[in-house]
Amino acid sequence: MVGGELLEQLLRSEHYERVTVFVRKPIACTHEKLQQVIVHFDQLEQYEEYFHVDDVFSCLGTTMKKAKTRQQFIKVDYEYTLRAAKLAEKCHVKTFLFVSAIGADPHSMFFYNRVKGETEEALQRLTIRSLHIFRPSLLTGAREEFRLAEKTAEWFCYGFSFAFVGKWKKYKPIAAKQVAEAMYYAALSEKQGVHIYECSEMKGQCEQKRGLSRQQ
Ligand SMILES: NC(=O)c1ccc[n+]([C@@H]2O[C@H](COP(=O)([O-])OP(=O)(O)OC[C@H]3O[C@@H](n4cnc5c(N)ncnc54)[C@H](OP(=O)(O)O)[C@@H]3O)[C@@H](O)[C@H]2O)c1
């Protein structure tokens with residue numbers, strides 16, 4: 001969902017003249033700037049040539065329901081991300097941007113948060129000029145498949161939206177489109193070093209950018 005929103009953003013952008021997507025199966029999108037690469041993610045290193053780019057955006061991730069085992073979940077969320085980042089490092093990309101999750105913590109008692117935290121930690125050990133980590137809460141948007149747990153959580157959050165104030169603000173659901181926009185603006189910012197964004201920062205960044213473009 002985030003990847004799809006981001007792709008639209010990048011294709012619309014005048015700052016990117018070419019966009020390459022790594023997919024398992026072709027996506028229904030054609031555009032003069034777009035190159036689709038059908039990737040066998042277990043052999044990611046074979047696709048090194050595609051990493052000679054400015055920015056790499058990683059929106060990949062699975063669910064425990066789909067992965068079925070913890071090992072498979074780790075393979076997708078941790079290993080694929082890290083291997084892509086290592087290729088990005090080797091090819092000297094300027095920016096690597098990664099969708100993590102709220103609560104990411106390598107010491108968390110929750111498996112999902114722990115894997116995200118360990119991925120963040122491993123990424124920070126690499127020497128990439130600019131690393132941006134996004135920690136969204138529950139994502140909202142038009143998803144093709146129906147995910148009962150996410151929909152239930154979304155309805156619950158909607159009902160209790162008044163409670164997301166103060167220190168709870170960061171748990172308020174965020175639109176996948178906003179995460180994608182925040183990633184896009186972060187890539188354009190050319191800020192060096194490691195940057196971690198919680199939901200309120202992502203929302204703030206988008207509002208600020210929109211405000212600026214209205215003023216121009
Ligand atoms: N959903 C939430 O509420 C939520 C909240 C916080 C953080 N996040 C994180 O945000 C990120 C983006 O979430 P999303 O909801 O936008 O994800 P999504 O819609 O489920 O998309 C995930 C992407 O990863 C790819 N993928 C999954 N398993 C794969 C595998 N085994 N091999 C290769 N590619 C694989 C999918 O490819 P296909 O299209 O081929 O399946 C898809 O392109 C994820 O890392 C997720 O953990 C999600």
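Reader: Which residues in α3 meet residues in α4?

Author: Happy to show you, in what is a predicted model. On the α3 side they are Arg70, Phe73, Ile74, Asp77, Tyr78, Thr81, Leu82 and Ala85. On the α4 side they are Phe111, Tyr112, Arg114, Val115, Lys116, Glu118, Thr119, Ala122 and Leu123. By class, the residues of this contact divide into 10 nonpolar, two polar and five charged.

Reader: What makes Tyr count as nonpolar?

Author: That is a matter of the classes used: Tyr stands in the nonpolar list with residues such as Phe and Leu. Tyr78 of α3 and Tyr112 of α4, both in the contact, therefore count as nonpolar.

Reader: Why is α3 called roughly parallel to α4?

Author: Helix α3 (residues 70-90) and helix α4 (residues 111-124) pack at an angle of about 20 degrees, and their axes are 10 Å apart. Angles under 35 degrees count as roughly parallel, so α3 is roughly parallel to α4. The crossing of α3 past α4 is right-handed.

Reader: And why is α1 called oblique to α6?

Author: Here the helices pack at an angle of about 50 degrees, with axes 8 Å apart. Roughly parallel needs an angle under 35 degrees, and roughly perpendicular runs from 65 to 115. An angle of about 50 degrees fits neither, so α1 is oblique to α6. The crossing of α1 and α6 is right-handed.

Reader: Which residues meet in the contact of α1 with α6?

Author: From α1 come Val2, Glu5, Leu6, Gln9 and Leu10, and from α6 come Ala176, Lys177, Val179, Ala180, Glu181, Met183 and Tyr184. This contact has eight nonpolar, one polar and three charged residues.

Reader: What makes residues of α1 (residues 2-12) count as buried, and which are they?

Author: A residue is buried if its relative accessible area is under 20%. In α1 the buried residues are Val2, Leu6, Leu7, Gln9, Leu10 and Leu11. They pack against β1, β2, β3, β4, β6 and α6.

Reader: How do you know that β1 and β2 are paired?

Author: Strands pair if at least two bridges are found between them. Five bridges join β1 (residues 19-23) to β2 (residues 34-38), and the two run parallel. Five satisfies "at least two", so β1 and β2 are paired. One pair of bridge partners is Thr20 and Gln35, the latter in β2. In β1, Thr20 lies with Phe22 on the uncovered face, while Val19, Val21 and Val23 form the covered one.

Reader: Why are β3 and β8 said to stand at the edges?

Author: The sheet is open, with four strands in the order β3-β4-β5-β8 and parallel pairing. β3 and β8 each have a single partner strand, so one side of each is left without a neighbour in the sheet. On average, neighbouring strands of this sheet are turned by 10 degrees against each other, direction ignored.

Reader: How do you know that β4 and β5 pair?

Author: The same rule of at least two bridges applies. β4 and β5 (residues 130-135) have five bridges, in the parallel sense, so they pair. His132 in β5 is the bridge partner of Leu97.

Reader: What does α4 touch on the sheet, and what angle does its direction make with that of β4?

Author: α4 packs on the sheet and touches β4, β5 and β8. Its direction makes about 175 degrees with that of β4. Angles over 145 degrees count as roughly antiparallel, so α4 is roughly antiparallel to β4.

How values were computed:
Residues numbered from 1 in each chain as written. Predicted model: local features only at pLDDT ≥ 70, side-chain atom pairs only at ≥ 80, totals over all residues. Heavy atoms only, no water. Buried < 20%, exposed > 50% of the residue type's maximum accessible area, 1.4 Å probe, protein only. Contact = heavy atoms within 4.5 Å. Axes fitted to C-alpha atoms, helices over the stretch in contact; angles between N-to-C directions. Left-handed = near helix turned anticlockwise from the far one by under 90°.
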